[in-house]
Amino acid sequence: MGYEDSLPFFGMLMVILIQVGNMEVSQVAMSAGMNKYVLAVYSNALSTLILLPLSFICCRSQRPRPVTFSILCRIFLLALIGCSGQILEYAGIQYSSPTLGTAMLNLIPAFTFILAIIFRMEKLEWSSSSSQAKLLGTIVSITGASVVTFYKGPPIMMTPSSSQLLLSPQSSWILGGILLTADAFSYSAWYIVQASILKIYPAVLVILFHMFFYYTILSAVFTLIIVRDPDAWRLRLDIGLVSILYTGVVSSVLRGSLSTWCLSRTGPLFCSMFKPVAIIFAVVVDVFLGDVLCLGSVIGAAITVVGFYAVMWGKAKEEKMYIDSGVVSFGSSSKKIPLLQNTE
């Protein structure tokens with residue numbers, strides 16, 4: 001593997017590290033008193049300000065066609081789903097842990113497969129081994145998510161500073177798992193809407209700017225209704241400000257650009273295969289920060305990863321079948337390409 005061929009590999013490792021780092025930093029900030037809804041508003045506003053000049057540069061260089069009202073409505077729907085998922089993610093991490101959050105990310109291909117069947121974007125052929133693998137992988141993934149949510153189990157690895165975390169009620173862990181499962185489902189719906197927009201308007205930076213602009217408005221309206229304490233909006237030189245800067249600049253803009261570049265160089269299957277790596281990173285960071293690693297998290301995450309790879313194997317087999325038959329090639333926009341290829 002040459003130098004240029006290895007760049008996407010290290011690029012995807014950076015994407016996963018940034019994603020796990022965002023969960024960890026957000027949890028520390030919320031534990032220190034940062035309101036999760038205020039965190040979402042400020043980080044979305046910062047991302048919007050950064051993407052504003054970038055979208056102008058994109059328009060000058062690529063000259064995309066004007067954004068129509070129909071496209072704006074689709075982007076607003078995309079933002080509504082994404083903003084809901086963002087709030088669910090913050091709340092879920094606050095009630096559980098980043099390790100559980102990264103484990104639930106592996107549900108996204110399974111949920112996307114279910115939604116694709118519901119909206120008739122994916123055809124389930126019972127005699128096909130690829131369809132059987134995706135269906136079985138979906139069931140296994142959901143089973144693993146249920147284990148990691150409802151069975152916390154005894155601690156496997158802990159530090160003296162993490163002993164108090166065992167006193168947290170099981171109900172909080174279950175609530176966190178349910179919220180993170182809903183977050184994964186919203187991500188799957190978000191990918192479906194995103195795929196429909198990119199087919200008719202492929203200017204990514206312009207879409208991202210409008211999306212984060214709507215993110216800011218929606219999260220601000222929601223937070224103004226929920227958060228009654230004016231002091232919660234006050235910014236201080238602490239971990240809360242670090243979390244806003246990290247989420248707005250690194251996690252939203254840099255991670256999105258880097259993952260898009262890796263996707264264009266290697267394809268969706270390669271990028272998707274890195275998602276389970278996030279669990280390893282999260283476990284290492286959690287233990288380092290003094291969190292408890294429980295048996296239920298390990299068992300449930302392992303089951304979920306098995307289901308994840310079963311879904312991805314079925315998808316890869318299906319894509320190979322299309323390519324071998326000459327129906328499509330990589331990068332084609334044919335409607336016969338399975339929707340799961342857009343899950344990155």
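User: Before we count anything in this predicted model, what is a salt bridge?
Analyst: Look for a side-chain nitrogen of Lys or Arg and a carboxyl oxygen of Asp or Glu. If that nitrogen lies within 4 Å of that oxygen, the pair is called a salt bridge.

User: Okay, so how many salt bridges does that rule give?
Analyst: Let's go through them. Asp231 pairs with Arg234, with the closest N and O atoms 3.3 Å apart. Asp231 also meets the side chain of Arg236, at 2.9 Å from N to O. By the rule, the count is two.

User: Which residues end up in one network through shared partners?
Analyst: Start from the pair Arg236 and Asp231, whose side chains form a salt bridge. Salt bridges with shared partners then give one network of Asp231, Arg234 and Arg236.

User: Is Arg234 buried or exposed?
Analyst: Its relative accessible area is 55%. The cut-off for that top class is over 50%, so Arg234 is exposed.

User: And what about Asp231, which class does its relative accessibility put it in?
Analyst: Asp231 has 31% relative accessibility. Buried would need under 20% and exposed over 50%, so Asp231 is partly exposed.

User: Switching to helix 5, how many of its residues are buried?
Analyst: Helix 5 covers residues 108-118, 11 residues in total. Among the buried ones are Ile108, Phe111 and Leu115. The helix is mostly covered, and the buried count is eight.

User: Which residue just after helix 5 has a positive phi?
Analyst: Step just past the end of helix 5 and check the backbone there. The phi angle is about 60°, and the residue that takes it is Arg120.

Definitions and conventions
Residues are numbered from 1 along each chain as its sequence is written. This is a predicted model: local features need pLDDT of at least 70, side-chain atom pairs count only at pLDDT 80 or more; totals for chains, interfaces and linings use all residues. Side-chain values use heavy atoms; hydrogens and water are left out. Buried means under 20% relative accessible area, exposed over 50%, partly exposed in between (1.4 Å probe, protein chains only). Helices (H or I, at least four residues) and strands (E, at least two) are DSSP runs, numbered from the N terminus.
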